[in-house]
Amino acid sequence: MASIALKGNTINTIGNLPTLGTKALDFKLTAVDLSKKSLSDFNGKKIILNIFPSIDTGTCATSVREFNKKVADLENTTVLCISKDLPFAQARFCGAEGIDNVTMLSDFADGNFGTSYQLEIADGPLANLHSRAIVIMNENGTVVYTEQVSEIADEPNYKAALNAI
């Protein structure tokens, strides 16, 4: 388990993020058009997984906006924003905000992504949602960077994440 905090109160995830240098686990998630997407759909690209509890919170929304801005200038890189929000909520947010440089994906159907990547919150008021985390893979699908944000109300370290690309 990883111990993180929610407004200073300790909560836990079900495990630890993938180990650097390992092959990223494939997944099936739901896109805003209700199609299924897997990691293999992005083969050959550098991938930033921006993972968070809900697009309807300020910090989560800010992380999507920031990565949307920052990825526009990166070559051969895609950002996958992943939460358990319904695809309809994700689409509504992106439409209202003019977000078009990231791909929104939902783990609402079965929660397998949060379990496989060991970032599901185990206890506290956000139990069963995803913790705030970043996982970056190179073009070969190898994990090259991870960040489990220690205070869920805080933003990830964008600079460190982008330097890992």
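How much accessible surface does the protein have, and what share of it belongs to carbon and sulfur atoms? The total comes to about 7500 Å², and 48% of that belongs to carbon and sulfur atoms. The model behind these views is predicted.

**Figure 1. Overall fold of the predicted model, with 4 helices and 9 strands.** Along the sequence, the elements run β-β-β-β-β-α-β-α-β-α-β-β-α. The radius of gyration is 14 Å, close to the 15 Å that the globule rule gives for 165 residues, so the protein is as compact as a globular protein of that length. The C-alpha atoms fill a box of roughly 40 × 35 × 30 Å along the principal axes. Of the 165 residues, 49% count as buried. Among contacts with a separation of 6 or more, 65% join residues 24 or more positions apart.

**Figure 2. Leucine 29 in strand 3.** Strand 3 covers residues 28-31. Leucine 29 has a relative accessible area of 1%, so it is buried. Beyond four places in sequence, leucine 29 touches Ser35, Lys36 and Lys37. The list of its contacts also includes Ile82, Leu105, Ser106, Asp107 and Phe113. Proline 87 lies 58 residues from leucine 29 along the chain, and their C-alpha atoms are separated by 10 Å.

**Figure 3. Phenylalanine 27 in the loop between strand 2 and strand 3.** Is this side of the loop buried or exposed at phenylalanine 27? Its relative accessibility is 5%, under the 20% cut-off, so phenylalanine 27 counts as buried. Its contacts beyond four places in sequence include Leu39, Leu49, Leu80 and Tyr117. Phe113 is another of these contacts. Phenylalanine 27 and phenylalanine 113 are 86 residues apart in sequence, yet 6.1 Å apart in space, C-alpha to C-alpha. Leucine 29 touches Phe113 too. Lys37 and Leu105 appear among the contacts of phenylalanine 27 and among those of leucine 29.

**Figure 4. Threonine 13 in the loop between strand 2 and strand 3.** Strand 2 spans 9-12. Threonine 13 counts as buried, because its relative accessibility is 0%. The side chain of threonine 13 reaches the backbone oxygen of glycine 15 at 2.7 Å. Leaving aside neighbours within four places, threonine 13 is in contact with Met1, Ala2 and Ile4, among others. Its contacts also include Gln118, Leu119, Glu120, Ile121 and Ala122. Ser131 and Gln148 are on the list as well.

**Figure 5. A nonpolar surface patch built around four side chains, Leu34, Leu86, Phe88 and Phe108.** The patch measures about 400 Å². Leucine 34 sits in the loop between strand 3 and strand 4, the latter covering 36-38. At 47% relative accessibility, leucine 34 counts as partly exposed.

**Figure 6. Lysine 7 and asparagine 76, two residues with positive phi.** Lysine 7 has a phi of about 55°, although it is not a glycine. Lysine 7 lies in the loop between strand 1 (3-6) and strand 2. Its relative accessibility is 70%, over the 50% cut-off, so lysine 7 counts as exposed. Asparagine 76 is not a glycine either, and its phi is near 50°. Asparagine 76 is found in the loop between helix 1 (58-71) and strand 6 (77-83). Asparagine 76 counts as partly exposed, at 38% relative accessibility.

Key: Residues numbered from 1 in each chain as written. Predicted model: local features only at pLDDT ≥ 70, side-chain atom pairs only at ≥ 80, totals over all residues. Heavy atoms only, no water. Helix = DSSP H or I, 4+ residues; strand = E, 2+ residues; numbered from the N terminus. Buried < 20%, exposed > 50% of the residue type's maximum accessible area, 1.4 Å probe, protein only. Contact = heavy atoms within 4.5 Å. Patch = residues over 30% accessible without salt bridge, like charges linked within 9 Å, V, L, I, M, F, W, Y side chains within 5 Å. Areas by Shrake-Rupley, 256 points an atom, 1.4 Å probe, with all protein chains shown as cover. Polar contact = N/O pair within 3.5 Å; in protein donor to acceptor, adjacent residues only side chain to side chain. Rg over C-alpha atoms; globule rule 2.2 N^0.38 Å.
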